[in-house]
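Work through the exercises below on the contact between two domains of one chain. Each task is followed by a solution in steps.

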Amino acid sequence: MKLTKHLAGVVIASTCLCAPALAQTRLTMWYHGAGNEVESRIINQIISDFNTSQSDWTVTIESFPEKSYNDSVAAAALAGNLPDILDVDGPVMPNWAWAGYLQPLPIDESEFADFLPGTKGVWDGKLYSVGLWEAAVALFARQSTLDELGLRTPTLDKPWSREEFMAALEAAKASGKYEFALDLGMNDQAEWYSYAFSPFLQSFGGDIVDRSTYKTAEGALNGEAAQAFGKWWQSLFSGGYAPGTSEDPADQQTGFIRGKFAFQWNGNWRAVATMEAVDDVVFLPAPDFGAGNKIGAGSWQFGVSAKSKHPEGAAEFIKFAAQDKYLAAFSDGIGLIPPTPSAAQMTKNYKDGGPLAVFFALSKAQALVRPVTPGYVVQAKVFTKALADIANGADVADTLDAAVDEIDADIESNGGYSHR
């Protein structure tokens with residue numbers, strides 16, 4: 001409406017001929033966190049804040065159970081029904097980019113200069129995705145256990161060597177106080193094996209695939225370093241230091257807390273619950289098996305689907321969600337590592353002097369992303385099966401050679417996955 005003045009001086013209303021306000025353009029988003037109440041609450045709050053912060057875009061979300069999420073995305077891609085915004089597990093991102101599910105982020109990478117390296121999804125020289133959190137693995141122990149066994153407390157600057165680590169396991173085994181010296185979570189034969197255990201292989205000097213070309217696993221997964229890793233890996237189970245693949249799944253949740261294990265290889269997502277139950281828990285860096293100590297990197301990240309008609313709007317949402325206050329909220333809510341130092345200072349656990357600040361340092365110093373190749377999704381499954389078979393007594397050399405053959409056949413059948 002507009003106001004006009006009548007000849008008698010009375011103000012009356014008349015119809016305005018100006019253009020009406022434009023409606024917000026709808027952006028669709030898919031998310032893997034259905035069933036996680038805390039995670040869902042935070043992401044829905046971010047969406048609500050974004051929708052009310054500006055007048056151009058409105059985001060709507062559809063959440064899926066994590067176990068079915070990747071299959072849902074693949075099916076939607078085949079049908080041409082992808083949303084504008086996807087979240088994607090970091091190591092899977094190159095496969096989705098190669099398959100045409102994602103487009104490079106229309107955001108200058110300099111905007112994420114302070115983010116931990118593992119939270120940035122880069123493939124073929126382009127930034128495709130950014131994560132709002134990071135995850136890290138450490139060796140859980142009790143300080144009282146280290147003291148009782150006469151063990152040096154390892155640090156980032158001076159981690160345990162292979163010899164020290166095995167001496168620690170031997171001391172724990174010989175004490176008779178524990179069912180096993182070490183828990184590795186062997187029951188979880190999914191992404192955990194490549195995320196948690198390939199860093200041991202890399203610390204020996206091997207890898208899942210030759211990263212110089214990404215065209216073969218020959219030499220990386222079955223060379224001298226990998227053979228040494230495989231023999232060591234098998235010795236953990238044949239020597240009675242760790243439970244094998246038939247381990248009770250509940251043990252990864254509560255076994256260390258209940259004193260069943262002297263040490264546990266686990267992630268920071270279990271750290272808060274462990275601290276609440278074990279007052280002297282310490283989080284130790286990975287041992288150095290000769291080629292430096294390594295842990296995995298790369299968690300869930302946000303990207304723009306290749307079919308989005310509004311990539312600029314999707315990018316605006318991702319930049320909005322990457323504010324420190326939201327990074328800190330996710331960290332406090334689900335216990336994972338905030339991607340930036342400034343966000344870490346806003347959290348209760350990861351700020352300087354906080355009980356989990358060590359995980360930020362571990363991630364910054366030790367983290368190595370899983371192989372950055374579209375072929376990773378196959379390579380991870382092959383690696384997992386090989387490690388499970390070796391743990392169950394299979395011949396190390398034969399098993400690794402067979403894994404190399406399977407990985408190389410997949411690479412060849414996919415034309416090298418566009419690696420030049």
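The exercises cover the domain division, the buried area, the polar terms and the make-up of one side.

The model is predicted: local features need pLDDT of at least 70, side-chain atom pairs count only at pLDDT 80 or more, and totals for chains, interfaces and linings use all residues. Residues are numbered from 1 along each chain as its sequence is written, and side-chain values use heavy atoms, with hydrogens and water left out.

**Exercise 1.** State how the chain is divided and how many residues each domain gives to the contact.

Step 1. Domain 1 covers 2-133 + 299-369, and domain 2 covers 137-295 + 372-418; the bounds come from an automatic or database domain assignment.
Step 2. Their C-alpha centres are 32 Å apart.
Step 3. With contact taken as heavy atoms within 4.5 Å, domain 1 gives 25 residues and domain 2 gives 26 residues.

**Exercise 2.** Give the area buried between the domains and the residues of domain 1 that lose the most.

Step 1. Buried area is the accessible area (1.4 Å probe) that two parts lose on being put together, summed over both.
Step 2. Between domain 1 and domain 2 this is about 2,100 Å², with 69% from carbon and sulfur atoms.
Step 3. On the domain 1 side, W98, F359 and Q366 lose the most area to domain 2, together 31% of what that side buries.

**Exercise 3.** Find the number of salt bridges across the interface.

Step 1. The rule asks for a side-chain nitrogen of Lys or Arg within 4 Å of a carboxyl oxygen of Asp or Glu.
Step 2. Between domain 1 and domain 2 it finds 0 salt bridges.
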